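Let's take a walk through this protein together, starting from one pair of charged side chains and working outwards. Keep the sequence and the 3D view side by side as you read.

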Amino acid sequence: MTAVLVLVTFAVFLTIDYFRSRKPAVQPAIAPEPKPLPVPNPGPALVGGFEVRNNLRYHPGHAWALGESPSLVRVGLDDFAARLLGSVSALSLPRRGQWIRQGQQLATVAKGGGKATLVSPIEGEVRDVNEAVLADPALLCRDPYGEGWLITVHAPDAKTNFRNLLRGNLARKWMELDAGRLRWQMSAAAPSVAQDGGVAIENIGDAFPAGEWEKLAREFFLT
């Protein structure tokens with residue numbers, strides 16, 4: 001009788017163990033891998049008193065290019081050029097359909113009795129011209145990165161052209177060098193308007209006689 005009781009008890013234990021083994025095992029909790037934090041995109045940098053935007057590519061002649069599609073590029077002048085030009089009385093731009101070349105003439109501006117030529121940062125066919133800036137040339141210097149843009153260009157070889165332009169740290173270093181050169185020339189020719197930090201003064205060109213201003217424009221616009 002005792003043996004039967006032991007067998008029955010053993011069978012009960014086996015049955016309980018069988019049903020327990022069929023329950024899904026509790027999996028240890030695994031914390032999900034943390035997602036990488038987004039890399040912050042710094043805003044525009046102020047270099048030597050002039051604004052340098054991180055989303056633009058710069059030609060050493062102080063024009064900028066912004067890729068709006070693989071082959072469509074918007075073009076304008078940078079903050080340095082806008083302040084060096086100062087007050088502009090007239091502006092000429094290429095016609096729609098005209099082919100322009102990188103590093104060659106893009107526009108001509110007039111102020112007082114002087115003129116300056118500006119170069120293109122990109123090569124291609126002019127698609128659109130900013131009529132607003134033609135009607136109000138002062139817009140070019142008032143808002144060079146916004147409403148003062150110049151043209152849009154269909155640039156089939158934009159990717160190659162972009163390799164010849166400056167951006168990021170290279171653009172900031174270049175701007176710092178040009179800002180230093182300009183400050184040195186201002187301190188020699190027009191010490192009353194030289195600035196020693198912060199935002200550069202507006203209408204820098206207005207502080208120079210026409211001949212001196214044209215010389216500066218040729219030097220910094222690479223014309």
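A good place to begin is the salt bridge between R181 and D178, whose closest N and O atoms lie 2.6 Å apart. Bear in mind that this is a predicted model. The two residues both belong to helix α6 and are three positions apart, which means that about one helical turn separates them. Their surroundings are not alike: R181 is partly exposed, with a relative accessibility of 34%, whereas D178 has just 5% and counts as buried. Elsewhere, salt bridges with shared partners tie R96, D128 and E131 into one network.

In total, the structure contains 10 salt bridges, and two others deserve a look. One of them connects K111 with D206, with 2.4 Å between the closest N and O atoms. This pair brings together distant parts of the chain, since K111 sits in strand β8 (residues 105-111) while D206 is in the loop between α6 (168-189) and α7, 95 residues apart. Is K111 buried or exposed? Its relative accessibility is 9%, and because the cut-off for a buried residue is 20%, K111 counts as buried. Its partner D206 is partly exposed, at a relative accessible area of 40%. The other salt bridge joins R74 to E68, and here the closest N and O atoms are 2.5 Å apart. E68 is partly exposed too, with a relative accessible area of 36%.

From the loop that holds D206, you can move on to helix α7. This helix covers residues 210-221, 12 residues in total, and reaches 16 Å from its first C-alpha to its last, close to the 16 Å expected at 1.5 Å a residue. Which residues of α7 are buried? They are W213, L216, A217, F220 and F221. Looking down the axis of α7, you would find these buried residues within an arc of 105°, so they line one face of the helix. After α7 comes L222, which has a positive phi, near 60°.

Now turn to the strands. Strands of a sheet pair through backbone hydrogen bonds, in either a parallel or an antiparallel manner. In this model, six strands make up an open sheet, and you can trace them in the order β3-β4-β5-β11-β10-β7, with antiparallel pairing. At the edges stand β3 (57-59) and β7 (99-100); each has a single partner strand, so one side of each is left without a neighbour in the sheet. Further in, β10 (residues 124-129) and β11 (residues 151-154) run antiparallel and are joined by four bridges. To find your bearings there, look for V126, which stands opposite V153 in β11.

Finally, step back and view the whole chain. Its secondary structure comes to seven helices and 11 strands. Of its 223 residues, 39% are buried. How much of the contact map comes from residues that are 24 or more positions apart? Among contacts with a separation of 6 or more, such residues account for 65%. The accessible surface of the chain is about 13,100 Å², and carbon and sulfur atoms contribute 57% of that area.

How values were computed:
Residues numbered from 1 in each chain as written. Predicted model: local features only at pLDDT ≥ 70, side-chain atom pairs only at ≥ 80, totals over all residues. Heavy atoms only, no water. Expected span 1.5 Å × (residues − 1). Buried < 20%, exposed > 50% of the residue type's maximum accessible area, 1.4 Å probe, protein only. Arc of directions from axis to C-beta. Pairing = 2+ DSSP bridges. Salt bridge = Lys/Arg side-chain N within 4 Å of Asp/Glu carboxyl O. Contact = heavy atoms within 4.5 Å. Areas by Shrake-Rupley, 256 points an atom, 1.4 Å probe, with all protein chains shown as cover.
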